[in-house]
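Trainee: I'm new to this one and would like to go through it with you. Could you show it to me before we start?

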Amino acid sequence: MMQVIFTQGAIDDLSDLKQSLKPELWKTTKKELEDKLKFIEKNPLAQPVPLELQDINSDFRQGLTRYCRIIYEVVEDNIYIYLICNQARDLNAVFFRRMSQHKI
């Protein structure tokens, strides 16, 4: 069975999302994220490689919910969750800033 491991950056993302959303929207968003994470855990390679990241590493994948994007990587029996952000955010800017701060 695959193990899902959240980086500190992803944990911080969840906290930021919770604080920025109204309680009812957070409840819906949280449920969608939980459902998508369960799917990813069972089918880690079924999700696509983000177009924005294809040039740097084809091992990164993304799971999408209605509002959010989950960026993760499968390494052996582990699924590392690196980033959880609003789909409207510029993935390149957020991802590369996170990498440069060593939060991934």
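**Starting with a glutamate**

Mentor: Let's begin with E32, which lies in helix α2 (helices are DSSP runs of H or I of at least four residues, strands are runs of E of at least two, both numbered from the N terminus). Bear in mind that this is a predicted model, where local features need pLDDT of at least 70, side-chain atom pairs count only at pLDDT 80 or more, and totals for chains, interfaces and linings use all residues. Residues are numbered from 1 along each chain as its sequence is written, and side-chain values use heavy atoms, with hydrogens and water left out.

Trainee: Is E32 buried or exposed?

Mentor: The scale goes by relative accessible area: buried is under 20%, exposed is over 50%, and partly exposed is in between (1.4 Å probe, protein chains only). E32 comes out at 18%, so it counts as buried.

Trainee: Which side chain does the side chain of E32 make a polar contact with?

Mentor: A contact means heavy atoms within 4.5 Å, and beyond its neighbours within four places in sequence, E32 touches T65, R66 and Y67. A polar contact asks for a pair of N or O atoms within 3.5 Å; within protein, one must be able to donate a hydrogen and the other to accept it, and residues adjacent in sequence count only if both atoms are side-chain atoms. At 2.5 Å, the partner of the E32 side chain is that of R66.

Trainee: Which element gives the largest share of the largest nonpolar core?

Mentor: A nonpolar core is a set of buried Ala, Val, Leu, Ile, Met, Phe, Trp, Tyr and Cys residues joined through side-chain atoms within 4.5 Å. The largest one here has 13 residues, and L17, L33 and I70 are among those with the most contacts inside it. Two or more residues each come from α1 (8-20), α2 (23-42), β3 (68-75) and β4 (78-86). The largest share, 4 residues, belongs to α2.

Trainee: Why is C85 not bonded to C68?

Mentor: A disulfide is a covalent bond between the sulfur atoms of two cysteines, and here a pair counts if the sulfurs are within 2.5 Å. Burial doesn't tell these two apart, as C68 is buried at 2% relative accessibility and C85 is buried at 3%. The sulfur of C85 is too far from the closest cysteine sulfur, in C68, for a bond: 7.6 Å.

Trainee: How many degrees of arc do the buried residues of α3 cover?

Mentor: In α3 (residues 91-100), the buried ones are L91, V94, F95 and R98. What covers them includes α1, β2 (60-64), β3 and β4. The arc is taken from the directions from the helix axis to the C-beta atoms. They sit on the same side of α3 because their arc is only 90 degrees.

Trainee: What kind of aromatic pair do F60 and Y82 form?

Mentor: Rings of Phe, Tyr and Trp (its six-membered ring) pair if their centres lie within 6.5 Å; planes under 30 degrees apart are stacked, over 60 edge-to-face, and the rest tilted. That rule gives 3 aromatic pairs. With 5.6 Å centre to centre and 70 degrees between the planes, F60 and Y82 are edge-to-face.

Trainee: And what about Y80 and Y82?

Mentor: Y80 is partly exposed at 25%, while Y82 is buried at 10%. Together with F60 and F95, these two tyrosines form one aromatic cluster. Their rings are 6.4 Å apart centre to centre with 20 degrees between the planes, and the pair is stacked.
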